[in-house]
Amino acid sequence: MSLNIDLHSHSSCSDGVLPPAQVAARAHAQGVDWWSLSDHDETSGLAEAAAAARALGLGFIPGVEISVTFCERTIHVLGLHIDPDQPDLNAGLAGIRRSRFERAGEIAERLRDCGIDGAYEGALRHVDNPDLISRVHFARHLLEQGHCKSLQQAFDRYLGEGKRAFVPTRWPSLESAVAWIRAASGKAVIAHPGRYRYTPLQFDALFDAFKALGGSGLEVVSSGHTPAQCDHYARVAQAYGFEASRGSDFHAPGTPRAELGRVPPLPDGLVPVWRDWI
Ligand code: AMP
Ligand code: MN
Ligand code: MN
Ligand code: MN
């Protein structure tokens, strides 16, 4: 039996709903052998996650998922096996979290223009970590107030790219994010590449730039990928000489497709990103 390795998940320190120790317990209960907590732009949950994993006998890899702007679009870069105390990484992430609060004020203004008042305070009521606010917190508020029927509809109507309350944001460059991850002795991995709406030329530019900067891998297996996308990014990883990762992108119970440890195994013939750690 091969190991069940899940290197992408979220806690209530970013836009997940469970605290880090409960994500650890759920990963263990789902049969995960090695787990990474990789909260958006935040490392404050890693100490609790590591302690909980140790107590359970669950392997733990400290992670983070960094928001990056490349070719005018937002992408996510995982930093895996990072030192969570590295100062450059933490200064960079703190800057992103400040931008998130600035963006939140603008999102609330745009929602006011849609006739929805008090969204900033409403979103804050769903925030667990006072240092991090996400569009998901707005989505939970909009759902609670009956402005939409699901979180997905909150994005489709208001918060998603190009929608009425969408605020374009300039996140750090790919170069900065990869440099912070490498300074923290981690490996940089492009999260769920199949979710980005790039042209083939832009994808080539992304993978070329990432390779040149010292990026290590692609998240080939993700709950955000169809089976065909898993196969496609397996071939891309081989063509570029990237290592491959596997992650559920778990955020909350009740999403069977994105349950901890439940995405497909890594396709054969790839070099796993975890080969030096596990
Ligand atoms: P943020 O990082 O604050 O911009 O929020 C992005 C997060 O929203 C993602 O990490 C997902 O967890 C969640 N999300 C859910 N549905 C969507 C969607 N349709 N578009 C973008 N993000 C979504
Ligand atoms: Mn998220
Ligand atoms: Mn992501
Ligand atoms: Mn994620």
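# Three manganese sites and a run of parallel strands

Along the chain, the donors of the manganese ion (ligand 4) follow the spacing H-x1-H-x54-E-x183-D, where donors are N, O and S atoms within 2.8 Å of the metal (3.2 Å for Na, K and Ca), and sites may look incomplete because water is not among the atoms. This is a predicted model, in which local features need pLDDT of at least 70 and side-chain atom pairs count only at pLDDT 80 or more, while totals for chains, interfaces and linings use all residues. Residues are numbered from 1 along each chain as its sequence is written, chains are lettered from A and ligands numbered from 1 in the order in which they are written, and side-chain values use heavy atoms, with hydrogens and water left out.

**The manganese ion (ligand 4)**

- The protein donors of this ion are H8 (NE2), H10 (NE2), E65 (OE) and D249 (OD), and they lie 2.0 to 2.2 Å from the manganese ion (ligand 4).
- Because E65 lies in strand β4 and D249 in the segment after β8, this pair ties together parts that are 184 residues apart in sequence; helices (H or I, at least four residues) and strands (E, at least two) are DSSP runs, numbered from the N terminus.
- D249 is buried, with a relative accessible area of 8%, where buried means under 20% relative accessible area, exposed over 50%, and partly exposed in between (1.4 Å probe, protein chains only).
- The manganese ion (ligand 4) and the manganese ion (ligand 2) are 4.6 Å apart.

**The manganese ion (ligand 3)**

- E65 (OE) also appears among the protein donors of the manganese ion (ligand 3), together with H76 (ND1) and H192 (NE2), at 2.1 to 2.2 Å from the ion.
- Distant parts of the chain are linked by the pair E65, in strand β4 (residues 63–70), and H76, in strand β5 (residues 73–80), which are 11 residues apart.
- Both residues of this pair are covered, since E65 counts as buried at 0% relative accessibility and H76 is buried with a relative accessible area of 15%.

**The manganese ion (ligand 2)**

- D15 (OD), H40 (NE2) and H251 (NE2) are the protein donors here, lying 2.1 to 2.2 Å from the manganese ion (ligand 2), and their spacing along the chain is D-x24-H-x210-H.
- The pair D15 and H40 links distant parts of the chain, with D15 in the loop between β1 (5–6) and α1 (20–29), and H40 in the loop between β2 (34–35) and α2 (46–56), 25 residues apart.
- D15 counts as buried at 6% relative accessibility, and H40 is buried as well, with a relative accessible area of 7%.
- A distance of 5.5 Å separates the manganese ion (ligand 2) from the manganese ion (ligand 3).

**The parallel strands around β7**

- Strand β7 (residues 217–222) is mostly covered, with 6 of its 6 residues buried.
- Strand β6 (residues 187–190) runs parallel to β7 and is joined to it by 2 bridges, two strands being counted as a pair if DSSP finds at least two bridges between them; within this pairing, I190 stands opposite L218 in β7.
- β7 also pairs with strand β8 (residues 243–247) in the parallel sense, over 5 bridges, and there E219 stands opposite S245 in β8.
- β6, helix α8 (residues 200–212) and β7 make a right-handed β-α-β unit, where right-handed means that, with the strands pointing away from the viewer, the path from the first strand over the helix to the second runs clockwise.
- The chain then crosses from β7 through helix α9 (residues 227–240) to β8, and this β-α-β crossover is right-handed.
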